[in-house]
Amino acid sequence: MSLYRDEGVVLRTQKLGEADRIVTVLAKRTGKIRAVAKGVRRTTSRFGARLEPFTHVDLQLHTGRTLDVVTQAETLRPYGEALAADYPRYTAGSAMLETADRLTHGEKEPALRQFLLLVGGLRTLAERTHEPRLVLDAYFLRSLAVAGYAPALDACARCRTPAIRAFAIVAGGVVCGACRPAGAAVPAGETIGLMAALLRGDWATADASESRHRNECSGLVAAYLQWHLEHGIRSLRHVEREPV
């Protein structure tokens, strides 16, 4: 039996048989892991509650033929407890977990930066220092950047001229008038500034932004993310926008 240990965030679970679960975890060193947690649906389970989504957990596993098996689990930070009673933060966190799952395609492929971004995003949500939709959009933009899909925000994505006129998802970000494709959005300059602030972690600028620019930013970021994933993020339908 080959044993290994790692820490990670539980992304999702699914039932297996009468008492087991398959747990999907984004781990610090190993990357994405799918493992069987035996007997965790029984009320007498020693660590069932430690293997719920949002939990930052320390795991011991042994390698199986198809799925690894969890043998030990210790909670490091139960982010779910801090988010469960706050609907906007809970739904933002759910969208983070789903995105992390989508962006880490292969199993057991190291994804340290994605892991650190996810832990940081959940921690920021739980600390309640910034509005949840701002935290979510910052997480989307940074996780896309780590995956190699950072949007161009300072100069035209096609010709690099600084004369910005629109935002085109298919072009990879902002574009000038000459490069603007049909159907490109024309957001306010403050909206593009907000996206840039979230990408670089300028929270002073982000926190001072107006609701209309935040909403416009959220729409563009969500569309950009889902276009690159080639798949919708189901959790986003429950995420609330700010009232204008």
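Two strands count as paired if DSSP finds at least two bridges between them. Keep that in mind while working through this predicted model.

**Exercise 1. Work out how β1 sits against β2, and which residue stands opposite G8.**

Solution.
- Step 1: count the bridges. β1 and β2 (residues 20–27) are joined by 8 of them, and the two strands run antiparallel.
- Step 2: check the pairing rule. The rule asks for at least two bridges, and this pair has 8.
- Step 3: read off the partners. G8 stands opposite A27 in β2. Further along, R12 has T24 as its bridge partner in β2, and T13 has V23.
- Step 4: look at the turn. β1 and β2 make a hairpin with 3 residues between them, and G17 in that turn has a positive phi of about 65 degrees.

**Exercise 2. Follow the strands round and find how the sheet is closed.**

Solution.
- Step 1: go on from β2 to β3 (31–37). Here 7 bridges join two antiparallel strands, with V25 in β2 partnered by I33 in β3. This is another hairpin with 3 residues between the strands.
- Step 2: go back to β1 and look at β4. These two run antiparallel and share 7 bridges, with L3 opposite H62 in β4.
- Step 3: put the order together. The 5 strands close into a barrel, β1-β2-β3-β5-β4, and the pairing is mixed. From one strand to the next, the twist averages 45 degrees.
- Step 4: as background, strands of a sheet pair through backbone hydrogen bonds, either parallel or antiparallel.

**Exercise 3. Say which helices pack on the sheet, at what angles, and whether β2 is mostly covered or mostly open.**

Solution.
- Step 1: take α2. This helix packs on the sheet by touching β1, β2 and β3, and its direction makes about 110 degrees with that of β1.
- Step 2: take α3. Lying across β1, β2 and β4 (55–62), α3 runs at about 65 degrees to β1.
- Step 3: check burial in β2. With buried meaning under 20% relative accessible area, 7 of the 8 residues of β2 qualify, and the strand is mostly covered.

**Exercise 4. Locate the largest nonpolar core relative to the two domains.**

Solution.
- Step 1: get the bounds. The domain assignment gives domain 1 (3–78) and domain 2 (81–237).
- Step 2: see how the domains meet. Their C-alpha centres lie 29 Å apart, and the contact takes 22 residues from domain 1 and 23 from domain 2.
- Step 3: size up the core. The largest one has 47 residues, and L118, L122, M195 and L198 have the most contacts inside it.
- Step 4: ask who contributes. Elements supplying at least two residues each include β1 (3–16), α2 (87–103), α3 (112–127) and α7 (211–229). The largest share, 8 residues, comes from α4.
- Step 5: conclude. Both domains give residues to this core, so it lies between them.
- Step 6: don't miss the other one. Apart from this core lies another of 16 residues, among them V25, I33, A35 and L51.

**Exercise 5. Describe α5, starting from its length and ending with the surroundings of M195.**

Solution.
- Step 1: compare the span with expectation. α5 has 12 residues and reaches 17 Å from first C-alpha to last, close to the 16 Å expected at 1.5 Å a residue.
- Step 2: list what is buried. In α5 that is T191, I192, L194, M195, A196, A197 and L198. Those buried residues pack against α4, β6, β7 (173–175), α6 and α7.
- Step 3: zoom in on M195. Not counting residues up to four places away in sequence, M195 touches L141, L153, F167, C217, L220 and V221.
- Step 4: see what comes next. α5 is followed by G201, whose phi is positive, near 80 degrees.

**Exercise 6. Decide whether C156 is buried or exposed, and list its contacts.**

Solution.
- Step 1: place the residue. C156 is in the loop between α4 and β6 (166–168).
- Step 2: apply the cut-off. C156 has a relative accessible area of 0%, so it is buried.
- Step 3: collect the contacts. Leaving aside neighbours within four places in sequence, C156 is in contact with T161, V174, V175, C176 and C179.
- Step 4: add a backbone distance. C156 and G177 are 21 residues apart along the chain, and their C-alpha atoms are separated by 9.2 Å.

Conventions. Residues are numbered from 1 along each chain as its sequence is written. This is a predicted model: local features need pLDDT of at least 70, side-chain atom pairs count only at pLDDT 80 or more; totals for chains, interfaces and linings use all residues. Side-chain values use heavy atoms; hydrogens and water are left out. A nonpolar core is a set of buried Ala, Val, Leu, Ile, Met, Phe, Trp, Tyr and Cys residues joined through side-chain atoms within 4.5 Å. Buried means under 20% relative accessible area, exposed over 50%, partly exposed in between (1.4 Å probe, protein chains only). Helices (H or I, at least four residues) and strands (E, at least two) are DSSP runs, numbered from the N terminus. Domain bounds come from an automatic or database domain assignment. Contact means heavy atoms within 4.5 Å. Axes are lines fitted to C-alpha atoms, for helices over the stretch in contact, and angles run from 0 to 180 degrees between N-to-C directions. The expected span of a helix is 1.5 Å times one less than its number of residues.
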